[in-house]
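Here are some exercises to work through with the model open beside you. Try each task on your own before reading its solution.

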Amino acid sequence: IAPPLTALRGIGDAMSRRLEKAGIATLEDLLAMDVADLRGKLGPISALANIEGWQEQAAELCQIRKTR
């Protein structure tokens, strides 16, 4: 079972809901999304979001899952 988006630092319940509305439901979805496109989908709140950092964390978590 994949970790939820809220497993990433900086993503709480409210941001997780925003991401899901933007079509991001899994860590893999987050990794596949272009940063600029996601910022556009999130709107002004994206100025507070560390999307690049989230993608780095997601990549690490996905890599850890693959090695197990």
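**Warm-up: the end of a helix**

Helix α3 is followed by G43, a residue with a positive phi near 80 degrees. Helices here are DSSP runs of H or I with at least four residues, strands are runs of E with at least two, and both are numbered from the N terminus. This is a predicted model, in which local features need pLDDT of at least 70, side-chain atom pairs count only at pLDDT 80 or more, and totals for chains, interfaces and linings use all residues. Residues are numbered from 1 along each chain as its sequence is written, and side-chain values use heavy atoms, with hydrogens and water left out.

**Exercise 1. Place G43 and find out how much of it is accessible.**

Step 1. G43 sits in the loop between α3 and α4.

Step 2. Its relative accessibility is 23%, so G43 counts as partly exposed. The classes are buried (under 20% relative accessible area), exposed (over 50%) and partly exposed (in between), using a 1.4 Å probe and protein chains only.

Step 3. Now look for a similar feature after α1: G23 follows that helix, and its phi is positive, near 95 degrees.

**Exercise 2. Describe the protein as a whole: how many helices and strands are there?**

Step 1. Count the elements: the protein has four helices and zero strands. Their order from the N terminus is α-α-α-α.

Step 2. Check the dimensions. The C-alpha trace spans about 40 × 20 × 20 Å along its principal axes. A compact globule with 68 residues would have a radius of gyration near 11 Å, and the protein agrees, because its value is 11 Å. That radius is taken over C-alpha atoms, and the globule rule is 2.2 Å times the number of residues to the power 0.38.

Step 3. Turn to burial and contacts. Of the 68 residues, 34% are buried. Among contacts (heavy atoms within 4.5 Å) with a separation of 6 or more, 48% join residues 24 or more positions apart.

**Exercise 3. Work out which residues of α3 are buried and which are exposed.**

Step 1. In α3, residues 35-42, the buried residues are V35, L38 and L42.

Step 2. They lie on the same side of α3, because they cover an arc of only 65 degrees around the axis. The arc is that of the directions from the helix axis to the C-beta atoms. As a reminder, an α-helix has 3.6 residues a turn, so residues three or four places apart point the same way.

Step 3. The face turned away from the buried side carries the exposed residues A36, G40 and K41.

Step 4. Finish at the N-terminal end, which D34 caps: one of its side-chain oxygens lies 3.1 Å from the backbone nitrogen of A36.

**Exercise 4. Repeat the analysis for α1: where do its buried residues lie?**

Step 1. M15, S16 and L19 are buried in α1.

Step 2. Seen down the axis, the buried residues of α1 fall within an arc of 105 degrees, so they line one face of the helix.

Step 3. D13, R17 and K21 are exposed on the other side of α1.

**Exercise 5. Find the residues with the most contacts inside the largest nonpolar core.**

Step 1. A nonpolar core is a set of buried Ala, Val, Leu, Ile, Met, Phe, Trp, Tyr and Cys residues joined through side-chain atoms within 4.5 Å. The largest has 18 residues, and L19, L38 and W54 have the most contacts inside it.

Step 2. The elements giving two or more residues to this core are α1 (13-21), α2 (27-32), α3 and α4. The largest share, four residues, comes from α4.

Step 3. Zoom in on L19. Not counting residues up to four places away in sequence, L19 touches L5, I11, I24, L38, L42 and W54.

**Exercise 6. Compare the surroundings of two glutamines, Q55 and Q57.**

Step 1. Q55 is found in helix α4, as is Q57, where the helix covers residues 51-67.

Step 2. Q55 counts as buried at 14% relative accessibility, and Q57 is buried with a relative accessible area of 11%.

Step 3. Leaving aside neighbours within four places in sequence, Q55 is in contact with L30, L31, M33 and V35. With such neighbours again left aside, Q57 is in contact with L8 and R9.

Step 4. The side chain of Q55 also reaches the backbone oxygen of L30 at 2.9 Å.

Key
Polar contact = N/O pair within 3.5 Å; in protein donor to acceptor, adjacent residues only side chain to side chain.
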